[in-house]
Each structure stands twice: as C-alpha cells, then as structure tokens.
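Hi,

Here is the structure I promised to pass on to you. Have a look at it first, and then read on for what turned up in it.

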Amino acid sequence: MNKYCKKSEALSAYLDDELDGKSRLKFEMHLGGCFACKEMLQDLRCLRGCFQAMPQQEVGFDLAPGVLAAAGRRASATRWPRLNLWQLLPVSFTAAATISLGVFLGASLTSPHDAEPVAPTLAMFDPIPPGGLCIGFAECFPKEKI
C-alpha cells in the first residue's frame, strides 16, 4: 500500500472547489481507486471542520495601515548607503597587502632553481624533510649536493 500518491497535491484544490469540470471528474475517478488520497481527503475535511469550529477572534483595530507604512519605510531604507573614504581605507589597505603578498609568494615559488632565491627556500619542497635520515640510498641525495 502506497502512503503517498503523486496526485495528492491536487487534494487541496479539489477540497476548495478550484478544479474545473474535466479535472474534477478525472480526480474523482482517481479517488475511486486510491486509498491514500481517500484517507488524506478525509483528514483534510476533518481538519477543515476543526478550524471552522474554532471561535473567531477580533483584533479590534485594522493592522493594514501600520503594515503598509512599515513596508514603505523599509523599501525606502534599502538604498545603497553612502560611504566616505575613511570607511573604505582599511579595506583597500587589506586588499593591497593581500595582492602584494600573493605576487611575492608566487614569484618566489616559481623562480628558476638555477637563480639565487630572493626568499629563503621553503623546507617543505626539499626532497628530504629537515631532520630526515636517508642512509645508504643513492636516490635520497642528488649527486650535486653530496
């Protein structure tokens, strides 16, 4: 037994009489053979009856003018704020420092190995890590460095 039916999404429209004649007849034919939709329709009718049986509460005043006024104020406050130079200065210094550091590190890592490095060589790119032991293997040490 299937607990969910793809056509159960039309139940609310069927219950609210929003389906046209052809769609309504087609959905009623579906209801004849689908237990899941029948059960859900019964639950929705029960829920609708419970909501209609609840007492109606009156607010006592109209909220619409206050809500519309607040929406108008919020819409006018969504314009771009004006920024002065002092607010942009820290961000621009940070951006310039980040770009400069990126260019410096990129140039030092991509420099040819023959040239004298401008920055100290990073130990993580050496074939043997600092303090690593490689005794007896010729592959560990390049011949130029022995």
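**Salt bridges**

Let me start with one pair of side chains: Asp16 and Arg48 meet in a salt bridge, with 2.9 Å from N to O. Asp16 sits in the loop between H1 and H2 while Arg48 belongs to helix H3, so this pair ties together parts that are 32 residues apart in sequence. Asp16 is partly exposed, at 34% relative accessible area, and Arg48 is partly exposed too, at 33%. Please keep in mind throughout that this is a predicted model.

How many salt bridges does a search of the whole structure find? There are three. Another one brings together the side chains of Asp17 and Arg24, at 3.2 Å from N to O. Arg24 also meets Glu28 in a salt bridge, here at 3.7 Å from N to O. Both Arg24 and Glu28 are in helix H2, where they are four residues apart, or about one turn of the helix. Through shared partners, the salt bridges join Asp17, Arg24 and Glu28 into one network. Within that network, Asp17 is exposed, with a relative accessible area of 54%. Arg24 is partly exposed at 25%, and Glu28 is partly exposed at 33%.

Asp17 deserves a second look for its backbone. Like its neighbour in the salt-bridge list above, Asp17 is placed in the loop between H1 and H2. Its phi is positive, about 60 degrees, although Asp17 is not a glycine. For background, most residues other than glycine have a negative phi.

**The chain as a whole**

If you step back, you will see five helices and zero strands. Along the sequence this reads as α-α-α-α-α. The chain has 146 residues, and 11% of them are buried. About 13,300 Å² of the chain is exposed, with carbon and sulfur atoms supplying 64% of that area. As for contacts between residues at least 6 apart in sequence, 42% of them join residues at least 24 apart.

**The nonpolar core**

Which residues make up the largest nonpolar core? It has 10 residues: Cys5, Leu11, Tyr14, Leu15, Phe27, Leu31, Cys34, Ala36, Cys37 and Leu41. The elements that give two or more residues to this core are helix H1 (11–15), helix H2 (21–33) and helix H3 (35–53).

Phe27 is a good residue to click on here. Setting aside neighbours within four places in sequence, Phe27 is in contact with Lys7, Ala10, Leu11, Tyr14 and Leu19. Of these partners, Leu11 and Tyr14 are among the residues of the core as well.

Cys37 is another core member, and it counts as buried because its relative accessibility is 0%. The C-alpha atom of Cys37 is 9.4 Å from that of Lys6, although the two residues are 31 apart along the chain. Lys6 is found in the segment before H1. Is Lys6 buried or exposed? With 72% relative accessibility, Lys6 counts as exposed.

**The cysteines**

You may wonder how many disulfides the structure holds. The count is zero. Cys37 is in no disulfide, and the nearest cysteine sulfur, in Cys34, is 3.5 Å away. What about Cys50? The closest cysteine sulfur to that of Cys50 is in Cys46, at 4.3 Å, which is too far for a bond. Cys50 is partly exposed, with 47% relative accessible area. As a reminder, a disulfide is a covalent bond between the sulfur atoms of two cysteines.

**A nonpolar patch on the surface**

One last place to visit is on the outside. Val59, Phe61, Leu63 and Val67 form a nonpolar patch on the surface, and together they have about 410 Å² of accessible area. Where is Val59 placed? Val59 is in the loop between H3 and helix H4 (64–76). Val59 counts as exposed because its relative accessible area is 53%, and the cut-off for exposed is over 50%.

**Where to begin**

For a short tour, you could begin at the salt bridge of Asp16 and Arg48, go on to the network of Asp17, Arg24 and Glu28, and then turn to the contacts of Phe27. After that, the surface patch that includes Val59 makes a good final stop.

Enjoy exploring!

Best wishes

Definitions and conventions
Residues are numbered from 1 along each chain as its sequence is written. This is a predicted model: local features need pLDDT of at least 70, side-chain atom pairs count only at pLDDT 80 or more; totals for chains, interfaces and linings use all residues. Side-chain values use heavy atoms; hydrogens and water are left out. A nonpolar core is a set of buried Ala, Val, Leu, Ile, Met, Phe, Trp, Tyr and Cys residues joined through side-chain atoms within 4.5 Å. Buried means under 20% relative accessible area, exposed over 50%, partly exposed in between (1.4 Å probe, protein chains only). Contact means heavy atoms within 4.5 Å. Patches are made of residues with over 30% relative accessible area and no salt bridge: like charges are joined within 9 Å, nonpolar side chains (Val, Leu, Ile, Met, Phe, Trp, Tyr) within 5 Å. Accessible areas come from the Shrake-Rupley method with a 1.4 Å probe; for residues, only the protein chains shown count as cover. A salt bridge is a side-chain nitrogen of Lys or Arg within 4 Å of a carboxyl oxygen of Asp or Glu. A disulfide is a pair of cysteine sulfur atoms within 2.5 Å.
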